[in-house]
Amino acid sequence: MRVYLPSTLPALARAAAEGELGPAPLTGYAVTPALTEWYASGDTEELEYVALTEAARASLRMLAADRADGVAAAPRRVVVAVEVPDGALSMGADLEERARVRLAESVPMAKVAAVHIDDGGAADDIEAAIAALPASDGGDDDARFTVDGAEAHELMWYATQEIPDLLG
């Protein structure tokens, strides 16, 4: 099953150095039965895009958490697409997001299919979205609009062999 794992550039660098995405458990996003039922009119490609978008939103929150912890990270959302056996994950209707899944084990970098990262031109909008997250969570419509504005930027697709260049 294709799973989209939210990340940041520093976390991707750690994973590349360690040879695996972890530590477990990992939260990811995938085309789950609940997502398929909710988005009944979509084909597989559309459903995968929804899962990728959910992972990108989670990446934005990871960037905000890094900033709060004093970790400097480029304002670029990162999503790592991995292939894992269906039995390696759990999902359920009780999860808040319909596409959310849990991986009980770390994922070897050999299972990475691709990496999706914001283009450098998205930096200003990503910075604004990070700053607006607390107000957005508090119900501020203008802040929510700013956070949603980050999604106007499509994530760029990179092959696994390009990861060292992305981190260099």
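Begin with the whole chain selected and its surface switched on: the accessible surface of this chain comes to about 8800 Å², and 51% of that area belongs to carbon and sulfur atoms. Keep in mind as you look around that this is a predicted model.

Now hide the surface and show the C-alpha trace, whose atoms fill a box of roughly 40 × 40 × 25 Å when the box is taken along the principal axes. The radius of gyration of the chain is 15 Å, which agrees with the value near 15 Å that a compact globule of 168 residues would have.

Next, switch to a cartoon view, in which you can look for the six helices and nine strands of the chain. If you then colour the residues by burial, the buried ones make up 42% of the 168 residues. Turning to contacts between residues at least 6 apart in sequence, you will find that 78% of them join residues that are at least 24 apart.

For the next stop, select the charged residues: the chain carries 12 positive and 30 negative charges, and the mean positions of these two groups are 3 Å apart.

Finally, select helix α3, which covers residues 44-68, and within that helix pick out D66. Which side chain of opposite charge is nearest to D66? It is R14, at a distance of 5.9 Å, and D66 has no salt bridge although this residue is buried; a salt bridge would need a side-chain nitrogen of Lys or Arg within 4 Å of a carboxyl oxygen. To see the surroundings of D66, show T8, V71 and A73, with which D66 is in contact once its neighbours within four places in sequence are left aside.

Conventions:
Residues are numbered from 1 along each chain as its sequence is written. This is a predicted model: local features need pLDDT of at least 70, side-chain atom pairs count only at pLDDT 80 or more; totals for chains, interfaces and linings use all residues. Side-chain values use heavy atoms; hydrogens and water are left out. Helices (H or I, at least four residues) and strands (E, at least two) are DSSP runs, numbered from the N terminus. The radius of gyration is taken over C-alpha atoms; the globule rule is 2.2 Å times the number of residues to the power 0.38. Buried means under 20% relative accessible area, exposed over 50%, partly exposed in between (1.4 Å probe, protein chains only). Contact means heavy atoms within 4.5 Å. Accessible areas come from the Shrake-Rupley method with a 1.4 Å probe; for residues, only the protein chains shown count as cover. Lys and Arg count as positive and Asp and Glu as negative; His and the chain ends are not counted. The place of a charge is taken as NZ of Lys, CZ of Arg, CG of Asp or CD of Glu.
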